[in-house]
Amino acid sequence: MKVLLISDSHGNNALLRNIIEKVKADFIIHCGDSCTDIKSLPKIDVIVKGNCDFYPFLDEKIIDISNFPFFITHGHLYNVKTSLLRLYKASLKKKVKIICFGHSHIPFLGKKNNMLFLNPGSITKPRKVTTPTYALLNLKYPFVSCDFFSVKQDPYPLKGDFSLE
């Protein structure tokens, strides 16, 4: 199962649509700050509300994809720009394996206590990096591989292979 992970598109639906068309993922997640209404977005399987969103998306979502429980949030309600501690504690309570968030506009990939934390960065306004990014997960239980890409489809030097068993 190929999962496309995007965040912080901030109204650039043309770029969002272009990435979705080129990647051809099985499942698409947007971690918030789409900054547009749902009618003008391309097909996205799960989208959560960011601090800049006005459309009434849910603040967070828990779903199962290929036997992996996902927790999807924008991250502003967990202060992810300062620390991942609140997000980590919430994730423990929710009993999830893959945690997807945005808000900081900084790509991130890390594993703690058999949980994978991912921030795809921003496809429009990167911070602390020069390249707008998104992430692509390949799921085959219990294994997850994650690769990051620039919006020009070039590999970004952040990736990893994990077992979450």
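This report covers helix H1 and the strands around E10 in a predicted model.

**Helix H1**

Helix H1 spans residues 13-23. Six names make up its buried set: Asn13, Leu15, Leu16, Ile19, Ile20 and Val23. These residues cover an arc of only 160° around the axis, so they sit on the same side of H1. The face turned away from that buried side carries Ala14 and Lys22, which are exposed.

What lies over the buried residues of H1? The cover includes strand E1 (2-6), strand E2 (27-30) and strand E9. Strand E9 comes back below as a partner of E10.

Just after the helix comes Lys24, which takes a positive phi of about 55°.

**Asn13**

Asn13 lies in H1. Is Asn13 buried or exposed? Its relative accessible area is 11%, and the cut-off for buried is under 20%, so Asn13 counts as buried. Asn13 is also a polar side chain with a partner: a polar contact of 3.4 Å joins it to the side chain of Thr36. Leaving aside residues up to four places away in sequence, Asn13 touches Thr36, Ser40 and Leu41. Thr36 therefore appears in both roles, as a polar partner and as a touching residue.

**Strand E10 and its neighbours**

Strand E10 runs over residues 143-150 and is mostly covered. Of its 8 residues, 6 are buried. Strand E10 pairs with E9 and is also joined to E11. Both pairings are antiparallel. The table sets them side by side.

| Pairing | Partner strand | Bridges | Residues between the strands | A bridge pair |
|---|---|---|---|---|
| E9 with E10 | E9 (residues 133-140) | 8 bridges | 2 residues | Ala135 and Phe148 |
| E10 with E11 | E11 (residues 155-163) | 7 bridges | 4 residues | Ser145 and Asp161 |

How many residues join E9 to E10 in their hairpin? The link is 2 residues. On this side of E10, Phe148 is the bridge partner of Ala135.

The hairpin of E10 and E11 has 4 residues between the strands. Which residue there takes a positive phi? It is Gln153, with a value near 75°. Across this pairing, Ser145 of E10 has Asp161 of E11 as its bridge partner.

**Putting the parts together**

Strand E9 links the two regions described here. E9 helps to cover the buried residues of H1, and E9 pairs with E10 over 8 bridges. E10 in turn is joined to E11 by 7 bridges.

Terms used
Residues are numbered from 1 along each chain as its sequence is written. This is a predicted model: local features need pLDDT of at least 70, side-chain atom pairs count only at pLDDT 80 or more; totals for chains, interfaces and linings use all residues. Side-chain values use heavy atoms; hydrogens and water are left out. Buried means under 20% relative accessible area, exposed over 50%, partly exposed in between (1.4 Å probe, protein chains only). Two strands pair if DSSP finds at least two bridges between them. A polar contact is a pair of N or O atoms within 3.5 Å; within protein, one must be able to donate a hydrogen and the other to accept it, and residues adjacent in sequence count only if both atoms are side-chain atoms. Contact means heavy atoms within 4.5 Å. The arc is that of the directions from the helix axis to the C-beta atoms.
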